[in-house]
Amino acid sequence: MSELVPGGNVPLPGGAVTVRVPGPFDVSALITDDSGKVRGDGDFVFYHQPAAPGARLRGDALTVDPPGLRAGATRVTVVVSPADPATPLGHLPAPTLHVSDAGGRPLARFAPPRPRQETVLLLAELYRRGDGWKLRALGQGYADGLAGLARDFGVDVADEPDGSPGGSAAPHPPSPAFPAPRTPSHSRPASASTPPRPVSRAPYGTRSAPRSPSATGLASPASSHAPSTDQDGFLGLVNSARAAAGSPPVSLDARLAAAARAHASAMASAGRLAVECPDGVSVHQRVGAAGYAYLTIGEHLVSGPRTPAEFVAYCLRAEQPRRTLRDPVFSHAGLAYVIDGRSGDTFWTALWAAPFSPAGLARTQAEVVELTNRERTRAGLPRLAVDPPLAIAAQAYSADMAARAFYSHTSPEGTQPWDRAAAAGAARRSIGENIACGQRSPAEVVDGWMNSPGHRANILKPDFTHIGVGFAGGGPAGTYWTQLFGA
């Protein structure tokens, strides 16, 4: 293992590498080309948007698979900032970077000088050199924080004046990624805030287990809604683990099994784990295509185990996959595994879901409203009342984002939040919007909004009196959420 000093570099092996920074830090990444400039929001990976092509953040560990990066990407810069934005880096232990290969073998370690007045630290960069990739230790900090980061990485910092009488546009912070999401400026009395999207839960993959000689699976694609057969005993293993945690049993669903097999096959064809495979279809879109409408969903994407028993044992070893397998909210499951004939790797997809129902949707929307109002009550603000036109507009927009696989305050036709509210019949003089995607529960999405200054400002804006909430499952991110506020 190499001990690096600032400016030192180490060649990286082929395949994915993981960089980890333990401690009270937020790990983030910027994906750039040779110019060193970001191309857009999709080039940021951080706690609210933990996945981009070829890069995935899970807790304090960032995994980068260089061949999977977007076209033209030649550099991934690893950034750390305090997990508590109010705490200066100089008051924390010095962040230490640990680098390992796909098999978990240590490659390098970098302990930069202890930060002083810096608030953001560029810790290292992975960069392409010829046909290979290297990692260079940096240790460069910014005393001016996000503004300095924005300046060097080409993020536009603007404060557009509001053209409406009596209105004021929110300033456009320098970056959607560190530590808070982007809050766009608008020339209308509205305060829309866009969180970069967390695409999905990370896969938990290994590539070192012995392989079976032939392809198999627990289910084949099927259009029937009848339960899938449990020919390998998967259901018994899962429900035993769920019972031990006090969770109700799940039943196998043929639609989920069909989606699982399609995704496992796509991963085996590509030879790698991925939420979205080279065919451009995400695991969540496969669930929708199979005809399963859900209120919440979870997944395990794994390579390595040889049998369902090994797969379940693998998922129970770590906290996050164990939590998903035992989550009491799920009532249906589907599992498939396919063996890549070239490498012998076994690719697994397990899907866990709770089905959609109108009553369930109403409960989900009501819970988001209640959690939002709790935050306002804590801040000494009056509660928001549900406004039916705002709710209609919010629900329609979440469904539209899921169906047409886009994520923006501006629709493909160019409509803005206030346009959609007015079209639904809302008679409000001021409109604000928060959107999010990838979060799996009302608590998770409200917590994410409250941990983002732009979205928190919308939730706690004293002028707002009414709210509407939308939720839809589907699309590349799996879940899409909308809050519309009115005054």
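Two strands pair if DSSP finds at least two bridges between them, and the strands themselves are DSSP runs (E, at least two residues), as helices are (H or I, at least four), numbered from the N terminus. The model in these views is predicted, so to speak from sequence to coordinates: local features need pLDDT of at least 70, side-chain atom pairs count only at pLDDT 80 or more, and totals for chains, interfaces and linings use all residues. Residues are numbered from 1 along each chain as its sequence is written, and side-chain values use heavy atoms, with hydrogens and water left out.

**View 1. Here is the whole chain, with its eleven helices and 21 strands.** Of the 487 residues in the chain, 54% are buried (under 20% relative accessible area, with exposed meaning over 50% and partly exposed in between; 1.4 Å probe, protein chains only). Take the contacts (heavy atoms within 4.5 Å) with a separation of 6 or more: 69% of them link residues 24 or more positions apart.

**View 2. This one shows the open sheet of six strands.** Going across, the order is 2-13-12-9-4-5, and the pairing is antiparallel. Strand 2 (9–11) and strand 5 (44–45) sit at the edges with a single partner strand each, so each has one side without a neighbour in the sheet. Further in, strand 9 (residues 75–82) and strand 12 (residues 120–129) run antiparallel and are joined by six bridges. Look for Val79, which has Leu122 of strand 12 opposite.

**View 3. Now for the open sheet of seven strands, where the pairing is mixed.** The strand order reads 1-11-10-3-8-7-6. Strand 1 (2–4) and strand 6 (51–52) are the edge strands, pairing on one side only. Four bridges hold strand 3 (residues 17–20) and strand 8 (residues 61–64) together in the antiparallel sense, and there Thr18 faces Thr63 from strand 8.

**View 4. Zoom in on the hairpin made by strand 7 and strand 8.** Two residues lie between these strands, and Gly59 in the turn has a positive phi of about 65°. Strand 7 (residues 55–58) and strand 8 are antiparallel, with four bridges between them; Leu57 stands opposite Leu62 of strand 8. Strand 7 also runs antiparallel to strand 6, over two bridges, which puts Ala51 opposite Arg56 of strand 7.

**View 5. Leu97 sits in the largest nonpolar core.** A nonpolar core is a set of buried Ala, Val, Leu, Ile, Met, Phe, Trp, Tyr and Cys residues joined through side-chain atoms within 4.5 Å. This core has 35 residues, and Leu62, Leu97, Leu126 and Leu135 touch the most other members. Skip the neighbours within four places in sequence, and Leu97 is in contact with Val19, Arg20, Val21, Ala108, Arg109, Phe110, Leu123, Ala124 and Leu135. Another core, of 23 residues, lies apart from it, and its members include Leu256, Ala259, Ala266 and Cys277.

**View 6. Ala266 gets a close-up in helix 3 (residues 254–270).** Ala266 is buried, at a relative accessible area of 14%. Not counting residues up to four places away in sequence, Ala266 touches Cys277, Asp279 and Arg286. The C-alpha atoms of Ala266 and Pro278 are 7.9 Å apart, with the two residues twelve positions from each other along the chain.

**View 7. His284 and Thr364 are two buried helix residues.** His284 belongs to helix 4 (residues 283–289), and its relative accessibility is 0%. Its C-alpha atom is 6.1 Å from that of Pro476, a residue 192 positions away along the chain. Thr364, in helix 7 (residues 358–378), has a relative accessible area of 13%. Beyond residues up to four places away in sequence, Thr364 touches Leu295, Pro442, Phe471 and Trp481.

**View 8. The last view covers the packing of helix 5 (residues 308–317) against helix 6 (residues 319–326).** Their axes (lines fitted to C-alpha atoms over the stretch in contact) are 5 Å apart, at an angle of about 115° on a scale from 0 to 180 degrees between N-to-C directions. Helix 5 brings Val312, Cys315, Leu316 and Arg317, which meet Glu319, Pro321, Arg322, Leu325 and Arg326 in helix 6.
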